Every structure is written in C-alpha cells, then in structure tokens.
Amino acid sequence: MIAYLDTNVIVWLAQGTVARISQKAQDTLEKADLLISPMVLIELEYLYEVNRIKLPSRDIQLKVEHEIGVRVCELSFALVANVVVDERWTRDPFDRIIVAQAKANGLAPLVSSDEEIGRHYPRTVW
C-alpha cells in the first residue's frame, strides 16, 4: 500500500514532533510506502522563504527520505494536471495539486490534518 503525506505531516516528521500526528495517521505511516507530491517540496520552500519553518525543502526532503523512507512521487505532471482541473473546492494551488496527486495514483490515501482536505477527499487519513 502507498500513502501520500501532506506538507504539515512532513514538517512534523522532520521536526520530530510525531505526537502531533493522530494515532490513525501514525498507523498508516508505519504500514505504507510513503510518497509526497513534488508540490509538497514547493510548499516547504515557500514556508522556508517566509520564515515559517527553519530548514529549506531540500534539507527536509533528504531528512525524511533518509530517516523514514519518504519518496517524491514521479507521476507525470500532465497526468496530475488532468486531475487538478476538477479540484474546484479550493483556490489553494498546493492543496489542489497534493490531493490530485493522490487521486491520480489510484485514489491513494493522503495523510493530512487539514480539515478542508478531509471534507473533500474521502481517502484522507487523520
């Protein structure tokens, strides 16, 4: 089984604050092959640039890849973009693409604490 991780989950994993992650989500993290959308890397870099997190996206990527085995999904952007155009529930480009990435990969679970994502993507795990 694969599961995608939302940006907030990656930040908490990189910071070592696993206690912020629900038990159900932690169970998924232990069982699944973990992926992130390339859009997560872009959002992490944005958060770094506006001083909301302390490490740049590449450092976080290397950390979670090495420590937890998280990989960046390699689905083609054309495939993901074809799904994104139907995500009209938000104007947030990060959320649209992250959800579309999970949908495009067989409606994979998406670990996220984002309530809006949870309301619009039934495979959200939290």
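1. Trp12 is buried in this predicted model. Its relative accessible area is 10%, which falls in the buried class because that class means under 20%. Trp12 belongs to helix α1, residues 7–15.

2. The structure has 2 aromatic pairs. One of them joins Trp12 and Trp126. The ring centres are 6.0 Å apart and the planes meet at 45°, a tilted arrangement. Trp126 lies in the segment after β5, so this pair ties helix α1 to a part of the chain 114 residues away in sequence.

3. Is Trp126 buried or partly exposed? Trp126 is partly exposed, at 32% relative accessible area. Its partner Trp12 is buried, at 10%.

4. Tyr46 and Phe94 also form an aromatic pair. This pair is tilted, with 6.1 Å from centre to centre and 35° between the planes. It links distant parts of the chain: Tyr46 sits in helix α3 (residues 38–49) and Phe94 in helix α6 (residues 93–104), with the two positions 48 residues apart in sequence.

5. Burial for Tyr46 and Phe94 is worth stating residue by residue. Phe94 is buried, with a relative accessible area of 16%. Tyr46 is partly exposed, with 43%. The cut-offs explain the labels: Phe94 is under 20%, whereas Tyr46 lies between 20% and 50%.

6. Next, the sheet. It is open and has 5 strands. The order is β3-β2-β1-β4-β5, and the pairing is parallel. β3 (71–72) and β5 (124–125) are the edge strands. Each has a single partner strand, so one side of each lacks a neighbour in the sheet.

7. How many bridges join β1 to β2? There are 3, between residues 2–5 of β1 and residues 33–36 of β2. The two strands run parallel. Tyr4 stands opposite Leu35 of β2.

8. Gly69 deserves a look. This residue is in the loop between α4 (57–68) and β3. Gly69 is partly exposed, at 37% relative accessibility. Apart from neighbours within four places in sequence, Gly69 is in contact with Leu34 and Val64. Leu34 falls within the residue range of β2, 33–36. Val64 falls within that of α4, 57–68.

9. One distance for Gly69 can be checked directly in the model. Gly69 and Leu41 are 28 residues apart in sequence. In space, their C-alpha atoms are 15 Å apart.

How values were computed
Residues are numbered from 1 along each chain as its sequence is written. This is a predicted model: local features need pLDDT of at least 70, side-chain atom pairs count only at pLDDT 80 or more; totals for chains, interfaces and linings use all residues. Side-chain values use heavy atoms; hydrogens and water are left out. Two strands pair if DSSP finds at least two bridges between them. Helices (H or I, at least four residues) and strands (E, at least two) are DSSP runs, numbered from the N terminus. Buried means under 20% relative accessible area, exposed over 50%, partly exposed in between (1.4 Å probe, protein chains only). Contact means heavy atoms within 4.5 Å. Rings of Phe, Tyr and Trp (its six-membered ring) pair if their centres lie within 6.5 Å; planes under 30 degrees apart count as stacked, over 60 as edge-to-face and the rest as tilted.
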